[in-house]
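I opened my notebook to look at how these chains meet and where empty space is left inside. Here is what I looked up, entry by entry.

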Amino acid sequence: MIVPLNHILLLSGLLFSLGMFCTLARRNLIMMLLGIEIMLNAAAVGFVGASLHWQQMEGQAIVIFILAVAATEVSIGLAAILVVYRRTDSVDPDMDAALWEKGGSR
Amino acid sequence: MQPATPLPNSLIVTAAALLLPLLAFGVIMLATRSRHRLSAAISIGAAGLSLLAAVYLLVQHWQMQAPLIFQAVWMVSGQMTIPIGIMLDPISLSMFAVVATISFLVQVYSLGYMAGDPGFGRYYGCMSLFAWAMLTLTVSSSLLQIYIFWELVGLASYLLIGFWFDKFSASEAGKKAFVMTRTGDVAFLLGLVLLWLQLGTLDIPVLTDPAAVGAQLSPGMITLTALLIFGGIVGKSAQFPLLTWLPDAMEGPTPVSALLHSATMVAAGVYLFSRLFGFFSLSPTAMAVCLAIGTISMLLASTMAMVARDIKQVWAYSTISQLGFMLMGLGAGSLFAGAFHLITHAGFKALLFLCAGVFIHHCGTNDMFEIGRQGGRRLKSAVVCTIIGAGALSGLPPLSGFFSKEMILGHLLDSGHPVAFLAAAVGAFLTTYYSFRLIFIILFPRDAGDAPPAESHDGHHHAGGEYSMTTVLWCLAGVTVVLGFFQTPLHDFLARTDTGVQAATPAHHSWLPVAACLLAAVAILQAWFEYGRKKARQIGWVEQIPFLADLFGNRWYLDRLYRYLLDTLVYRGVSRLFTANDRRVIDGALDGLGRSTIGLGRVIDWVHGGMIQYRLMIMVAAVIGLILFIGWGG
Amino acid sequence: MAYQLADFPFLTTLLLCCVAGLLAILATPAKHTRAIKIVSAVFSGLTLVISIYLFIAYDQQAGGYQFVERVAWIPALGIAYFNGVDGFALPMLLLTGIVFFTAVLTCWEMELRVKEFFALIFLLVTGVFGLFMSLDLFFIFVWFDVSLFPMYLLIAIWGSTRKEYGAMKLTLYLLAGSALILPAIVYLVVHSGAMTFDLLVLMEGDRFTPAQQRIAFLLLYIGFGILAGVFPFHTWSPVGHVAAPTAVSMIHAGVLMKIGAFGILRVGIFLCPEGWQYWAPLMAVLATCGIVYGTFVGLNQTDLKYVIGYSSVAHMGIVGLGLSTMTIDGLNGAVFQMFAHGIMTALFFSSVGYIYDRTHTKAIAELGGLSRIMPRATTFFILAALTGIGVPCLASFWGELVVFMSCVRVYPVAGALAIGALAVGALFMLRVVQKTCYGPPLKKFAGLKDITATLAVPRIILASVIVLFGLFPGLLFDMINTATMQLIGLR
């Protein structure tokens, strides 16, 4: 293997923590979604490295799964965010619940 | 004496006499209520046949040596058998005859009195119900059966007192009567149940057999049950302290007052005592209590009658007083004296009430002053019969009341309770006084200027149909005159099966009748002085003492006391407490449980909702902690 | 215990009548209200006929369980469809038949969503019949819940005063009761040593230790007791009855509350006699409290149906008192009182329902003088009130008498208190009668019509039953006696 597993795992870990920071520390639902995407991709990188290290194809198969799931999840998540935005004009995760109830269907 | 089974004839006759009124009740209430004459005919027919049956039975069994009993099983539960049956012995046959006679006469009288009343059919239906219940009560063979029909008699009384139910006071009086007698009946039922548990049976021959009872019950238990059963008697016979329902019961039509509340139903209490005389005499405490309560009731009621303005109320108080007198006689140890006075009293008291009814029917008012002013004295039959009745009540010879009163006074003298005898003498004096007060007020009216008249009953109609009323009056008057002379045959009749009766004949005090008559004469003179003379102001010596007038007029404030107790203890006290408990404590706890569940849900909801990133951070921290734990902790 | 399978499955036929009636109603289009009512009357009449037949055809000499049917359903768990009736169940079946039929006739004038109403009532009564005839614990529980959940809809949709609150409270409270019963049943089955829900098998021998019996009996007593209106778990009853429409009140107070008492008897007392013995004093105390409490609280009420509701609490207290005495007479009196009270309360609610339909008020203060305006309707009301007081020759008297006799022997103080409550009971009933029926007729009610012949039919039936069993109590006591003798004789 050209790149040692440790380096890949390190990259994966760093990416994951970057994604986690993005999710937890941003005041924007879309940025939270981005963060989740980054976390998912970090896990995929880790899987690819593990698959190359132990020469098993399953790892790469899982990456395809992750990509599919991530795509689905992003589409539904964005749709949900759109609904919330339409109703409350805000993508702040800390929004007041009353905003949603008052909003009605717009 | 060993009881025997009655002949089939007697059985059929008795059964017919009992069931015909029941049938009449059913038919009238279900089918013929709107057809007045038919209803009356059915009811009077049944009553008449019962009367014939009573006479037949009396004649047939005049020489009976032993009581006749017939029992069938009404119901079985486990080891307990509840019987239904009839017991024919001299006391029950005499009472049966009395009830049947007066029932029949009053129903005939009602043809005239109640004519034109829209509830005519219902009236006769209830009368038949009463007749059935009372007749069966008199010939019941077990104490439980007596209790059952005792309650049914109370029901009939309730229905008849509140007959004119449009009037609030009438329904109120009916309810009061029922609840007060029910209070006494609670004690009765408790005593009855205790007896049943100890003896295993409630058959009357067993109860009155000293050997059987004494073997299984301790003296304390006998006294307890006797006192409890006596509680029922106090309620039903309107003795102290449960006496205030009877004057209020005068809201009912006068024939009802005559039948139920003078002659028969209230007499059921005294009859029960006579029935169970053997049982009661086993407990000296109970006899003493009986004597005491009888004395108190007699005096109390007499005082109340002295100031009453309503003619029916006077006779109501008089009934209470006379029932107390009977209980005094029984309590002093003489079965025959009490029973004989019961029989004679039924006759003359019913007579007095029916005469009052004639007055009310014609003058449209119950107030005796008004009746006098409206020319009551022109109603010759009523006046003469009232005088006869009052004479019997006062114990004037040769009327029936004289004989029975003398017997009781004699026994009281012999019984060793001088206080009781003196009280009885005072009571007799007062009785004569208030009876003749009434007569003189009616005979010699004064002009208006008095207080407004006592309220009369509406729902009652025009004059008319007098023939039926006056005939009955003369019948009863005749009975009153003649019955006294039957004392010895009756005594022998009752003594045939009950040796206790025979033994208790008092020594003959020849001065007693004379003294009693003198006392009565003095009372009449006083009444004449205060009410009858030309110049009399018609204000009694009692009425001139305001304190006494108020006390007697307000029934010794008993009513106020009961009202107060009822309102404070029951309504405002216990009832309100329990309701508040229900609403605030029990329901409050439940609703609180419901609310706290919702509250808990809200708390959990708070944990879930809100800023999602905080929750995510906690999740991440937890996962990291887990990894560290697994990784380094092992 | 030995039993013989029946030749003809009458009991299942009875259930099928209810189910068939339900299906027939569902099949009828909603707008043909008259057809729906006739169908209901026919099928409920059929159930009445069958229950009368069963009552008469029961062989009292032989006793035991008759008309038995058994079909194994889930053998692995020991659950079977097992029906059979004895001297306890038959009066209850008869009661249900009578009350069901008269309740259907009483709502002849209903117009709101008739189809759903009668369908739900049929469902309700199916559960009731099923429970009375079932001898399998699992089915007893299932029928119990089947008869519970239609109550919510019936009260919430067709009810009156505070109906949502009443419906919710009643249903949740009674479900809480069933939540106590299920663990008790499971506990008993698990500890029985044989995986079976069969009541007769579980009754045999000494399967349960006294400690187990005590726990189970307590759970069963409270669980079923909530439905039976045992103090202090009774507060759902007045609220629920007031909120419910007339027919539902009739069935509920008349029959469902008896399921509670019957459950205590059939499951608790049959299976856990040691527990019964242990908890009997508690039962007596709670029952006496119920009697005294119900009477006194009833005195203070201003709404007619509340009065009847509290009177029910008091009468069910008498039933509980009879059950707590552990004597033959006590049990006899309790079951008789269940029957008598059921009929009486059905008559009561039926009369009040009529009065409410015409005057549109249940407040006692607003009523008065009704005897002059509608004499026949008020006669039924007065008759029911007199039965409630315990006037002899009306059915309720005998139950009370026998219970008092047995109670004074075992718990003298409780017996004395209960007898004393009779006087207060008379006051409270007669006060209500006086305020509603007597007195001068009020102008606002002047034009109201008296009860017609068709509407009078159910009330006449109920009144006749009261008088019949009042005059001839032996008819019922003999039947109940066969079962009691068998039960107490075994112990």
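**Chain A against chain B**

I began with this pair and found 9 residues of chain A in contact with 7 residues of chain B, contact meaning heavy atoms within 4.5 Å. Before going on, I noted that this is a predicted model, where local features need pLDDT of at least 70 and side-chain atom pairs count only at pLDDT 80 or more, while totals for chains, interfaces and linings use all residues. Residues are numbered from 1 along each chain as its sequence is written, chains are lettered from A and ligands numbered from 1 in the order in which they are written, and side-chain values use heavy atoms, with hydrogens and water left out.

Next I looked up the area: chain A and chain B bury about 650 Å² between them, 70% of it on carbon and sulfur atoms. Buried area here is the accessible area (1.4 Å probe) that two parts lose on being put together, summed over both. I found 0 salt bridges across this interface, a salt bridge being a side-chain nitrogen of Lys or Arg within 4 Å of a carboxyl oxygen of Asp or Glu. There are 2 residue pairs in polar contact, both residues at pLDDT 80 or more. A polar contact is a pair of N or O atoms within 3.5 Å; within protein, one must be able to donate a hydrogen and the other to accept it, and residues adjacent in sequence count only if both atoms are side-chain atoms. On the side of chain A that touches chain B, helix α1 (residues 5–25) of chain A gives the largest share, 4 residues. Helices are DSSP runs (H or I, at least four residues), numbered from the N terminus.

**Chain C against chain B**

Which chains share the most contacts? Of the 2 pairs in contact, it is chains B and C. Chain A and chain C do not touch, and their nearest C-alpha atoms are 26 Å apart.

I counted in 56 residues from chain C and 49 residues from chain B. The area buried between them is about 4,900 Å², with 70% from carbon and sulfur atoms. On the chain C side, C:Tyr293, C:Met405 and C:Gln434 lose the most area to chain B, together 13% of what that side buries.

The rule finds 2 salt bridges here; one of them joins the side chains of C:Arg372 and B:Asp166 (3.1 Å, N to O). I also noted 20 residue pairs in polar contact, both residues at pLDDT 80 or more. α17(C) gives the most to the side of chain C that touches chain B, with 11 residues.

**Cavities**

I then turned to enclosed space and got 7 cavities of 30 Å³ or more. On a 1 Å grid over the protein atoms alone, a cavity is a set of points where a 1.4 Å probe fits but cannot get out, and lining residues have an atom within 4 Å of a point. A volume is the space filled by probe spheres set on the points, which are joined across faces, edges and corners.

The largest cavity has a volume of about 180 Å³. Its lining has 18 residues, and C:Thr295, C:Ala314, C:His315, C:Gly388 and C:Gly425 lie nearest its centre. Here too I met α17(C), which supplies the largest share of the lining, 7 residues.

The second largest cavity has a volume of about 120 Å³. Of its 17 lining residues, C:Ala228, C:Val230, C:Met316, C:Gly317 and C:Gly320 are closest to the centre. α12(C) gives the most to this lining, with 6 residues.

Note on methods: On a 1 Å grid over the protein atoms alone, a cavity is a set of points where a 1.4 Å probe fits but cannot get out, and a pocket is an open set with protein on both sides within 12 Å along at least five of seven lines; lining residues have an atom within 4 Å of a point. Helices (H or I, at least four residues) and strands (E, at least two) are DSSP runs, numbered from the N terminus.
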